[in-house]
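Hi there,

Here is the structure I promised to pass along. Have a look at it first, and my notes follow below.

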Amino acid sequence: YEKELKELCTEKSKLKGQIRALQEQSDQLKIDVQSATQKKDYAEKESRAALVKKEEYEKEAKTVKKALESHRIELDGLAKKQDAASKATLGESQPPTKKQKIGKQVKVGTIAKSMKVAELKEEAVARGIDVKELTRINKDSLLEMLVVGSPCIIKTDAWDEVVSLRKTFAEERQRAEQLERKRQEEIYRKKEQKWREQEKKRQEQREKDRAEEISKQGEFHSLSVPKKVHGCKLAFTKDLLFHGTPRSYNTQCTECGSRFNIEYTCEGCDYDICNECFKQKTMTASEKKADAKRKAAEEKERQKAAAERRRLQEEEDEKHRKKWDPKTHFAENIISPSDKNEDPDGNKSKGFTVWCSDGYGNDGWHSYEGSPTKEFDTTYATKKEANERARYLFQWKNPWGLGAEEFENHAYEVDKSTKEGMLTYVVTPDDSTTWSVGVVPDAAFAYLDNATRSRHY
């Protein structure tokens, strides 16, 4: 009963640790929810501030438009006055003998050929012409567009005032942007500072909770071990918690770095040791010698097994190579025909001709001008040699450049037929040409449809 009571107490302690861990997680979730709510409120506040700023900019834009309209009216009045003055000057027979001062002097100018291209473009923009239309226009075209002698807007006092207003508005906008940027930076700095303070408090609380956890688990450190292993009493790692979760989930062997089979722990020194390292440290000299001998034998056996696997793999590779090596299946004169074999008259029309063709059939999709040309390949004295050459040519020398194994593994539907002991192979892969290889008597080759004595390469 005492033993069962002790086990129940141990279980109770573990459950309490897990409850504390769950409580910490719950507290952390509450903090995260609170933080999310604060972020949401901040975003809504920023959105409202942006709307207010937008309204201010719209009001400012309306003010600028009104000012520009006023200046435009003033410019039109000045242009009319100048036209009237020009007409009055033309109507006089003699120029006045004395200049008369009439109130404030107004700066007025006209479009002249002596103006620079940059000035003419500026005048065009002032008159409302789209700047994109002025990108590749020359000076003569600009003068024709603006009309030489017409009033020049950019040379009036009103235009100087417009430029001054634009500059003022731009400076005010820049100052407003700088103030807004500083305000945002200050908000971010305060937010960052607040987060750092919260993180510091959380870390301090975490360290405090860990210290309490270590203190409560001190009773489990009751295992005396040789000093060559560790100088303190150890506890079973499976009995300990680390921030509310099993320590075995969050540790590794201090000696070898392994994360598996961690057996003993000293929380005060943050020391963990796996079962294998513990055995190594507690072995006697004779036991170490026996263990080294055992490991050497295991290593030897492992190397032997690896060598056997390599040998079997090499045998399998060699078997596979020979299976698809044409020299395993065909004689040398089949793979490399002689000059006599490559001559259509090499057997004086008494042998057997190997022919081939590669082209599209009448599939209703590709252009079709009749059956593909049947080209001469070789001639052999016997049917057996000709059939072997036909098989080699069809599979090993296919027009798609596929290896013999790849050609066979593509599972093409090959139409193989025999007539009087002479083979014919035909295959038509999807969306491809028809590849045909066949054997006929030398005398019959000339009568095949679209046959040619030109050799296939």
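Let me start with the aromatic residues: Phe-394, Trp-400, Phe-407 and Tyr-425 form one aromatic cluster. Please keep in mind that this is a predicted model.

Across the structure there are nine aromatic pairs. One of them joins Tyr-392 and Trp-396, whose ring centres are 6.3 Å apart with the planes at 20°, so this pair is stacked. Both residues belong to helix α9 (residues 383-396), where they are four residues apart, or about one helical turn. Tyr-392 is buried, with a relative accessible area of 5%. Trp-396 also counts as buried, at 14% relative accessibility.

Trp-400 and Phe-407, which you met in the cluster, make another pair: their ring centres are 6.4 Å apart and their planes lie at 20°, so these two are stacked as well. Is each partner buried or partly exposed? Trp-400 is partly exposed, at 27% relative accessible area, whereas Phe-407 is buried, at 3%.

Two lysines also sit over aromatic rings. The charged end of Lys-238 is placed over the ring of Phe-236, 5.3 Å from the ring centre. Likewise, the charged end of Lys-374 lies over the ring of Trp-355, at 5.6 Å from its centre.

The other residue I wanted to show you is Asp-442, which is found in helix α11 (residues 442-445). What is the nearest side chain of opposite charge to Asp-442? That would be Arg-453, but it is 8.7 Å away, and Asp-442 is buried with no salt bridge.

What does the side chain of Asp-442 make a polar contact with? Its partner is the side chain of Thr-353, at 2.5 Å. A polar atom of the Asp-442 side chain also lies 2.8 Å from the backbone nitrogen of Gly-351. Gly-351 and Thr-353 are both among the residues that Asp-442 touches, once residues up to four places away in sequence are set aside. The others on that list are Asn-347, Ser-349, Lys-350, Phe-352 and Thr-379.

If you open the model in your viewer, Asp-442 with Thr-353 and the stacked rings of Tyr-392 and Trp-396 are the places I have described here.

Best wishes

How values were computed:
Residues are numbered from 1 along each chain as its sequence is written. This is a predicted model: local features need pLDDT of at least 70, side-chain atom pairs count only at pLDDT 80 or more; totals for chains, interfaces and linings use all residues. Side-chain values use heavy atoms; hydrogens and water are left out. Helices (H or I, at least four residues) and strands (E, at least two) are DSSP runs, numbered from the N terminus. Buried means under 20% relative accessible area, exposed over 50%, partly exposed in between (1.4 Å probe, protein chains only). Lys and Arg count as positive and Asp and Glu as negative; His and the chain ends are not counted. A salt bridge is a side-chain nitrogen of Lys or Arg within 4 Å of a carboxyl oxygen of Asp or Glu. A polar contact is a pair of N or O atoms within 3.5 Å; within protein, one must be able to donate a hydrogen and the other to accept it, and residues adjacent in sequence count only if both atoms are side-chain atoms. Contact means heavy atoms within 4.5 Å. Rings of Phe, Tyr and Trp (its six-membered ring) pair if their centres lie within 6.5 Å; planes under 30 degrees apart count as stacked, over 60 as edge-to-face and the rest as tilted. A charge sits over a ring if NZ of Lys or CZ of Arg is within 6 Å of the ring centre and within 35 degrees of the ring normal.
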